[in-house]
Amino acid sequence: MEKILVSTVLAATFLLSGCGAEILNQQAAQELAKSSKPPGSLYLGWRIFQDKCSACHGPSATGTSSGPDLLPRVREMGSREFVSLVLKRYKWDLPVYPASQPALVDDILQRKPFMVTMPAWDGEPVVTAHIMDLQAYVSARAQGTVGAGRPTP
C-alpha cells in the first residue's frame, strides 16, 4: 500500500511540474512577442492618425493626392527616425520645382500641392503625448500585421 501511495505522489509531482514548465514556457513566449512589438497602443495610434494624419495620408495610410503612401516608407524606418520625422518636420523625396519653371505657376493656379512638406507636430500636445501609439499603428500597417480600418481597443 505504501508503494502505491509513493507512486501516486511521485506521479502527481511529475504531472504538476510538467504543467508548471508549460506555463513558464507560454509566459516567456508571450513576453518575447510583446517585446518584439513597438511600444504603444494600436487603437490609440489609429485614433490619432485618423484625427491628425488621414486628411493627407488617407484613412489607411496609403496616401492621397495631398500626401504620400506611408507604408513603404515606414516599413524601413526605426522608431527614432519615425519620431524625429513626425515631430520635427520633413520633406519626402519628391520633385521640387525651381521658381522659374512654368509648371510651378500652373500648379499654383490649379491649387495643386507644389511643396511636399509635412508640418512639424511637436507643438501639438495630442501627437506629442501619443507619438509611440502613432508609431505603433503606422508600423503595424506597414508590416501588414494590422489591416485597414479600426483596430480593436
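Buried means under 20% relative accessible area, exposed means over 50%, and partly exposed is in between, using a 1.4 Å probe and protein chains only. At 40% relative accessibility, aspartate 122 therefore counts as partly exposed.

Some ground rules: this is a predicted model, where local features need pLDDT of at least 70, side-chain atom pairs count only at pLDDT 80 or more, and totals for chains, interfaces and linings use all residues. Numbering runs from 1 along each chain as its sequence is written, and side-chain values use heavy atoms, with hydrogens and water left out.

Back to aspartate 122: it sits in the loop between strand 2 (117-118) and helix 7 (125-129). Helices here are DSSP runs of H or I with at least four residues, strands are E runs of at least two, and both are numbered from the N terminus. Leaving aside neighbours within four places in sequence, aspartate 122 is in contact (heavy atoms within 4.5 Å) with Leu87, Lys88 and Thr128. Its C-alpha is 9.5 Å from that of valine 83, 39 residues apart in sequence.

With the same neighbours left out, valine 127 is in contact with Ile48, Lys52, Val86, Leu87, Trp121 and Leu134.

Now the cysteines. The structure holds zero disulfides, a disulfide being a pair of cysteine sulfur atoms within 2.5 Å.

| Cysteine | Nearest cysteine sulfur | Relative accessible area | Class |
|---|---|---|---|
| Cysteine 53 | cysteine 56, 8.7 Å | 14% | buried |
| Cysteine 56 | cysteine 53, 8.7 Å | 38% | partly exposed |
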